[in-house]
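Work through these exercises with the sequence and the model side by side. Try each task before reading its solution.

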Amino acid sequence: MNRPDSGPSRRRLVPVLEVGGTHATAGVVELAPSLMHDVTATVVQSARGPVTADASADVFAREIAAVVAELALAGVDPEQPWGVAMPGPFDYRAGIGRFEGVGKFDSLNGVDVGALLADGAGIQQARFLNDAEAFGLGESLIGTGRDHDPSAYLTLGTGIGTAWIADGNVIGDHPGLPREGRAHYLTHQGKPLEEVVSRRAIVAAWRERSSDTTRAETADHADDDVREIAARAGRGDELAVDVFAQAYAALAQALSEPLIAFDAQVLVVGGSIATSWELVTSHLERGLAHAGWDRPVLPAERTEESPLVGAAWWAAGPQSQPAED
């Protein structure tokens, strides 16, 4: 998915929507004409609400409509398309969900999400892009990546996402990168990487190993979610530390070759799991260095704003032609 680095030709307000595995955020971003690395981008308003990833398409539409309804859109040009960041697998050109066997949004598989948003949430024009690429593009504009080129981006949460940015473009076709630059095409020991490194993978590993342990205190917490598991690791729980260590070791092994091939100058990490930053630096960064990529691994600077800014930049420029995910 390549994007020309020519952004908005005039100052404008751009409506945006970011859909995650557990929430959606709608907002309005003010963009000013500027060079790529001197962009003025301000999130002037935003609203956040829950999303039920295993609900019906109608429920999804109602949840999105509830978030969008909180925005004041009076100053937004009605002809301005929305920038809509969606997780994959997704056909971003056609606006159709391809969520088959990925444990989220099954009801949107094969659904024209653009039409669903138009009918259910009043979003009449949508320009879709991958959520991790929205995050990466935003961080390259206003965050940690703005002084690094080329740069790589990683999101760790309900799933795993990657973005590869060079010269202001989102790069999907480059030797050594996974297909379309997407993380869900990466594998570890023959399994999709998301089955090893994601919220559900870490929780599953914790539950399996907790049920096997003879430590009653650990077994009592077998239903902990990933945030609680990370907190336990931060307090020195050996089993919790080992669960994260194995996940990040697998992640480092899968990412090292693409990072080297892309000559990424930095890896910027965001997402809900990445809030446990000591776990990232102690295991992921060390694993990547051991594999031969010794550039910095840094936390995202504008985690909440970057996906909105990236989606706005995408929607404000010339019409993109993203590939099917």
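The exercises below go from the whole chain to single elements and side chains of this predicted model.

**Exercise 1. The whole chain**

Task: State how many helices and strands the chain has, and what share of its residues count as buried.

Solution:
- Start with the secondary structure. The chain has nine helices and 14 strands.
- Next, take burial. Of its 325 residues, 56% count as buried.
- Then look at contacts between residues at least 6 apart in sequence. Of these, 67% join residues at least 24 apart.

**Exercise 2. The open sheet**

Task: Give the strand order of the five-stranded open sheet, and find which strands stand at its edges.

Solution:
- Read the order across the sheet: 3-2-1-4-7, with mixed pairing.
- Now take the two ends. Strand 3 (40-50) and strand 7 (126-130) each have a single partner strand, so one side of each has no neighbour in the sheet.
- From one strand to the next, the twist averages 20°.
- Zoom in on one pair. Strand 1 (residues 12-19) and strand 4 (residues 82-86) are parallel and share three bridges.
- Pick a residue to check the register. Glu18 has Ala85 of strand 4 as its bridge partner.

**Exercise 3. Helix 3**

Task: Place helix 3 against the strands, check its span, and decide whether helix 3 is enclosed or open.

Solution:
- Locate it first. Helix 3 (residues 131-142) lies across strands 1, 3, 4 and 7, and runs at about 90° to strand 7.
- Check the span. At 1.5 Å a residue, 12 residues should cover 16 Å. The end C-alpha atoms are 16 Å apart, so the two values agree.
- Look at the N-terminal end. Asn130 caps it, with a side-chain oxygen 2.9 Å from the backbone nitrogen of Ala132.
- Count the buried residues. They are 11 of the 12, so helix 3 is largely enclosed by the rest of the structure.
- Note that the buried set is not purely nonpolar by name: it includes Glu133, Glu139 and Ser140.

**Exercise 4. Two buried polar side chains**

Task: For Arg182 and Gln80, find which side chain each one meets in a polar contact.

Solution, Arg182:
- Arg182 sits in the loop between strand 10 (169-170) and strand 11 (187-188).
- Its relative accessible area is 1%; the cut-off for buried is under 20%, so Arg182 is buried.
- Its side chain makes a polar contact of 3.1 Å with the side chain of Glu133. Glu133 is itself one of the buried residues of helix 3.

Solution, Gln80:
- Gln80 lies in the loop between helix 1 (57-68) and strand 4.
- With a relative accessible area of 6%, Gln80 is buried too.
- Its side chain meets that of Arg12 in a polar contact of 3.1 Å.
- Leave aside neighbours within four places in sequence. Gln80 is then in contact with Arg12, Leu13, Val14, Pro15, Ala315 and Ala316.

**Exercise 5. Strand 8 and its partners**

Task: Describe how strand 8 pairs with strand 9 and strand 13, and sort its side chains by direction.

Solution:
- Take strand 9 first. Strands 8 and 9 run antiparallel, joined by six bridges. A hairpin of three residues links them.
- One bridge in this pair joins Tyr153 to Ala163 of strand 9.
- Go on to strand 13. Strands 8 and 13 run parallel, with four bridges. Here Leu154 has Val269 as its bridge partner.
- Recall the rule: side chains alternate between the two faces of the sheet in a regular strand.
- Apply it. Ser151, Tyr153 and Thr155 point one way; Ala152, Leu154 and Leu156 point the other way.
- Check burial. Six of the six residues of strand 8 are buried.

**Exercise 6. The nonpolar cores**

Task: Find which residues have the most contacts inside the largest nonpolar core, and which helix gives the most to it.

Solution:
- This core has 43 residues, and Phe244, Leu251 and Leu267 have the most contacts inside it.
- Elements giving two or more residues include strand 8 (151-156), strand 9 (160-166), helix 7 (238-262) and strand 13 (267-270).
- Helix 7 gives the most, with 13 residues.
- Follow Leu251. Beyond its neighbours within four places in sequence, Leu251 is in contact with Leu154, Leu156, Ile160, Leu193, Val197 and Leu284.
- Finish with a separate core of 29 residues, among them Ala24, Ala57, Ala61 and Phe99.

Note on methods
Residues numbered from 1 in each chain as written. Predicted model: local features only at pLDDT ≥ 70, side-chain atom pairs only at ≥ 80, totals over all residues. Heavy atoms only, no water. Buried < 20%, exposed > 50% of the residue type's maximum accessible area, 1.4 Å probe, protein only. Polar contact = N/O pair within 3.5 Å; in protein donor to acceptor, adjacent residues only side chain to side chain. Pairing = 2+ DSSP bridges. Axes fitted to C-alpha atoms, helices over the stretch in contact; angles between N-to-C directions. Contact = heavy atoms within 4.5 Å. Core = buried A, V, L, I, M, F, W, Y, C linked by side-chain atoms within 4.5 Å. Expected span 1.5 Å × (residues − 1).
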